[in-house]
Every structure is written in C-alpha cells, then in structure tokens.
2 protein chains.
Amino acid sequence: MPEPLFDKVALVGIGLIGSSLARAVRHGGLATIIAISSRSEKTLARARELGLGDVYEQDAAEAVRDADLVIVSVPVGASGAVAKAIAAGLKPGAIVTDVGSTKASVIAQMQPHLPDSVHFIPGHPIAGTEDSGPDAGFADLFEGRWCILTPLPDTDVDALARLSAFWEGCGAMVDRMDPEHHDMVLAIVSHLPHIIAYNIVGTADDLEAVTKSEVIKYSASGFRDFTRLAASDPTMWRDVCLHNSDAILEMLARFSEDLSALQRAIRWGDGEKLFEMFTRTRAIRRSIIEAGQDIDVPDFGRHALAHPEKP
Amino acid sequence: MPEPLFDKVALVGIGLIGSSLARAVRHGGLATIIAISSRSEKTLARARELGLGDVYEQDAAEAVRDADLVIVSVPVGASGAVAKAIAAGLKPGAIVTDVGSTKASVIAQMQPHLPDSVHFIPGHPIAGTEDSGPDAGFADLFEGRWCILTPLPDTDVDALARLSAFWEGCGAMVDRMDPEHHDMVLAIVSHLPHIIAYNIVGTADDLEAVTKSEVIKYSASGFRDFTRLAASDPTMWRDVCLHNSDAILEMLARFSEDLSALQRAIRWGDGEKLFEMFTRTRAIRRSIIEAGQDIDVPDFGRHALAHPEKP
C-alpha cells in the first residue's frame, strides 16, 4: 500500500457518492483517518454500523477540523449552508471540494463562506446509480469513470495536482473544465435524460386507458429503461433543476423543437425522414462502448446476468 | 423431451426475433422440422451457417409449404407483401401468426391475402434487445416475458390453444387483447420510449457548444441509457411509426403537455412541484422489479457484470 495522500479526509454527506468515497479511500489507502458527517442522526448511525469511517460527527464543523481534504457530498441546494457551517472549522491549507452535479451554482453558494486560507476546487465525478444512502455506495463506483474538476482562476497548482491524484486513486480519470461549460455539458448528458425519464414515467402513470398493471407487465419493451433514471433521488434532482435552470431550459427547448419535427414526420408519414433520423443515432452507442463508458453486451447485460447458465 | 407441438414450423424472416424463435424451437423440441426463409440471400446464408433450421428457402411460399405453424417476423411494413407471397403455399388448417409491434395495421395488411382455410392469429412477444440479425437471437429471449395474442372474433379455440402452448414452450407467458388496445398500450410502453430515445440522442448529436467526444466521455451520467434504445433497427422503428401513428401521436401529445408543465416548474423555480413530480415515479420501478420484468441490481447490473471480482 502506498503512503496515504492525506492524513485526514472529511466526508460531509454520506449518501451514494459520499459512502462510495469512504469505501474507495479505505480500499485504496488514500487517507489515514476518515471523518464522516451527516446532518441526519439516522444516516450517521448507519454509516457507523457499516464501519465506513474512523470518526463520526453530526456537527460538520467538528468533522472537518484538522482535515487536509474536505469533500462535500450533499444535494447541490445545500452547498451554501454546508460551506457556512464548516468555514470556522477548516484548517488553513486544506483542500475543499464537492461532488455536485452543477458547478456555477455551487461556486456561487460556497465561495463567499470559505476562508482565503483554504484551496476550494469544485468537482464532479460522472458516476452513480439510481440508489441512494450510505448502503448504496461501493468502492469501485469511480473505476474507469471521469471526474471533472472546475478550478477557479487562482487555484493553487499543487493543491490541484493532489486532488487529481486523489481521484485517480479512486480509479477515476480527471478532466478540467470551466464551470459554465461543465453545466452545459451536463445539462445534455445527464440533466435532460433524467428530466425526460421522470416525465415519460409520469405520463404513463397518468393514463386512464392503459392500466398501471399493463405498463408494468409490458415494460420490457422499452419503458423499463426509463424507470431506472426516474427512480433517482428526488431531492438531488429537484436541486439540479433549480440550480442549472438556464442550461436545462436551453436543452429542453432544443429537444422539444426536434421532437416536433419528428412528430410532424410521423403525422405526415414521412418514412424517409424517420429512417434517416433513426439511423444516425446508432453510431453514438458504438462510440460509447468503444470509449469504455458502457458494456458491450446486449440489453446492458441484464439478460446475461439474469440467465447466467445459458449462452 | 415431450412430443413436438408441430411437425413443421416455418419462420419467415430470421432477424433477432425469428432467430431467437428458431433457437427456442430447437431447444424446447417444439417442432420436428424448422424451415427458414429470408428475402436476403446473405441473411439466409448466415442462418444456414449458424445451423438455425433444417430447410432454407429464399422463396417464402416454398418455406411455408406443409408447415403447421408459420411465424412472420419481418418489419411491420412488410407484413402485407409477405402475406401475399405465402398465401398460395399455405396448408389448409395451418396457423399463421406474426411478431409485429403493431397489430391493427398488421391485420389490415395480412388478412385480405390469407385464405379462409388457415388460422390467422396475430401476436407480439414483448422481448428483444437493441441488436438485429440472425446472430443476435438467443434461445431464452422470451423466458419470463409476455407474449400478447390479438385473436380475431372468429378465431378457432383449438388453434389459439396450440399457439399459446407454443409460446409457453418458448418460455413466455401469454396474454390476449384487442388489437386496438394492444396498439395503445405499446404506444406508451414501447413506441414512445424509443422515439424519445432517438430524439434525445439526435439533439445531443446536433449541439455545437458540446462536442461529440464530451457527450461520449460523460455519457455514464444518464445519456448512455438512451443510446441503447436509439441503437435499435431503424427499418423496424420507421415502420412502427408509420403503422401506429394515431396512438403514437396521442401519447406524444400527452408527453409534450407534461413536459411543458415540468419546464414551467423549472423556469419558475417551483421546487415543491418538481419534488412531487420526481417522487411518484420511484414506485413504478419497484413494481417492475417485483413483477420480474427487470433485475433487482443497481444500474441494470452493468457494474456487477463489468466488475465481477469485487462485491
């Protein structure tokens, strides 16, 4: 095991991402002490039961005391309150980062509260599942996934290198980006897909002519794919919508425009146009598989996992 | 192995569904002879290489000669032409069925060509993957999935029972439904999800401010889920759109209406409404898993399959 990168890491928030980090830090020997904080007494007790850390504090300011690295993993709407709460406890020279799905809003919320003596480097690991809470995490969640850091103009080069090394220690590949560009990229690759998934599941739920039991029985024909994203944490996604609304509204407008064109092709029976629209999208899936960002097994491997005995 | 249900089964079309049927028939000993027909010489040659059948005919009328069960597995737009082509070769008393994703249109296309001496019972197995062609099929594709039969008013009870037994022999559970109701149910559980997936992947492909490489790199944040459906066979989906347009346009209108409401909640920062919209959708996923229509593993089991060594 190599020398730990940090003496003490403090994890503020211990949900899917926070608890995956706790496990990855332990597994990779990335820190000597893991301090865990959660506002919820129940969640903190569960983290202790799972043995995710070394120190458990309901008071975030206590958890971050003497920490060299502080990682805030809370719904983005809570970032400002957490920054305010931990500010007094932060050690000079500490690195403070986060894992939020929006970056401009997190910076606007956190930066005003943080002392100049700490290195604030916002981040966002592109990894997750539809589950939430301290039980949902696992050590290799970040393996082969990208982590985007959005350093501010005056960011210390050494601190940035140490944080990058930390994410690499968790198995991730590190990218850097402007916060505004991050927010636009994520609006299309993550926020719009989740919103659309929530929406279609809601539309199906409202139908009178098709029963709920029919939707469930026949969901393997496509619908079930959307229910995974639509089972994600509602608090997290409410906050994403509220905190990246400009980019999301822009992407929603483009999506709706394109959908109107498709709808028109269906209404007018324009088979040539439909065929063309349905052809160009195949290449992107191929590229995603080649880039190692999805597995090369039909049906996401669901079938292979459910029927392991047959070829 | 039980007595085969049929002496000779003819499969007209040998893509994902046709070739899965060939394998299931062989595996379950459901017929003595499997005859395979494809209009494409190359596809037929590949089916022969794979050993999917006993007899191979490019001429569908030859393939169906003396068959007790004929299963048409072609894009729904080709149903009429196939019915016309096979009509003269059909044996009196034979059961003729299909696997198309739309039912009213398939009936309207096929029925006028089929002689009164055969039992025409339209069907639709709710199973598949994003792959196509004779290599894509597998014997247990229908295992635990529903197959919907949409018998016509004068359907022979005995023929219906034999066809149901056949699908059960393939591992499926059988349901019966009116063709019109089928088309409406499938419009929401299958057609709309595919159209939306194609659309969002197209929208992402058109962006100038976000590069294709960024879309691919960060696709694990949600987008990649949609690329699977959007990698489905374009001919099949063009035909579905052309042949179930009324029900699809109705569902698209509802979806767009709901999306406008969601968009408005985002624009006006209505967190309470967003939270409510994002909460009610979780229960449906739970029900789908409990009904055995998806696996109970986070991320569709992708992660578990990619990292089999770690817990």
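Arg302(B) is buried, with a relative accessible area of 2%; here buried means under 20% relative accessible area, exposed over 50%, and partly exposed in between (1.4 Å probe, protein chains only). This is a predicted model, in which local features need pLDDT of at least 70 and side-chain atom pairs count only at pLDDT 80 or more, while totals for chains, interfaces and linings use all residues. Residues are numbered from 1 along each chain as its sequence is written, chains are lettered from A and ligands numbered from 1 in the order in which they are written, and side-chain values use heavy atoms, with hydrogens and water left out.

**Exercise 1. Salt bridges**

Which residue forms a salt bridge with Arg302(B), and where do the two lie?

Step 1. A salt bridge is a side-chain nitrogen of Lys or Arg within 4 Å of a carboxyl oxygen of Asp or Glu. Arg302(B) has Asp225(B) as a partner, with the closest N and O atoms 2.6 Å apart. This pair links distant parts of the chain, 77 residues apart: Arg302(B) is in helix α14 (residues 302–306) of chain B and Asp225(B) in helix α9 of chain B. Helices (H or I, at least four residues) and strands (E, at least two) are DSSP runs, numbered from the N terminus.

Step 2. Now check the partner: Asp225(B) is buried at 3% relative accessibility.

Step 3. Look for wider links. Arg302(B) and Asp225(B) belong to a network of salt bridges whose members include Glu130(A), Arg228(A) and Arg224(B).

**Exercise 2. Buried or exposed?**

Set the pair Arg228(B) and Glu130(B) beside the pair Arg286(A) and Asp296(A).

Step 1. Arg228(B) and Glu130(B) meet in a salt bridge at 2.9 Å, N to O. They are 98 residues apart, Arg228(B) in helix α9 (residues 223–229) of chain B and Glu130(B) in the loop between β7 (123–125) and β8 (146–149) of chain B. Arg228(B) is buried at 4%, and Glu130(B) is buried at 6%.

Step 2. Arg286(A) and Asp296(A) form a salt bridge with their closest N and O atoms 3.4 Å apart. Arg286(A) sits in helix α13 (residues 282–290) of chain A and Asp296(A) in the loop between α13 and α14 (302–306) of chain A. Arg286(A) is partly exposed at 41%, whereas Asp296(A) is exposed at 52%.

**Exercise 3. The sheet of chain A**

What is the strand order of the six-stranded open sheet, and which strands lie at the edges?

Step 1. The order is β3-β2-β1-β4-β5-β6 (chain A), with parallel pairing. β3 (55–57) and β6 of chain A are the edge strands, each pairing on one side only. Two strands pair if DSSP finds at least two bridges between them.

Step 2. Follow two pairings. Strand β1 (residues 6–12) of chain A runs parallel to strand β2 (residues 31–37) of chain A, joined by six bridges, and Val12(A) stands opposite Ser37(A). Strand β4 (residues 69–72) of chain A also runs parallel to β5(A), over four bridges.

Step 3. Turn to the side chains. In a regular strand the side chains alternate between the two faces of the sheet. In β5(A) (residues 95–98), Ile95(A) and Thr97(A) point one way, Val96(A) and Asp98(A) the other, and all are buried.
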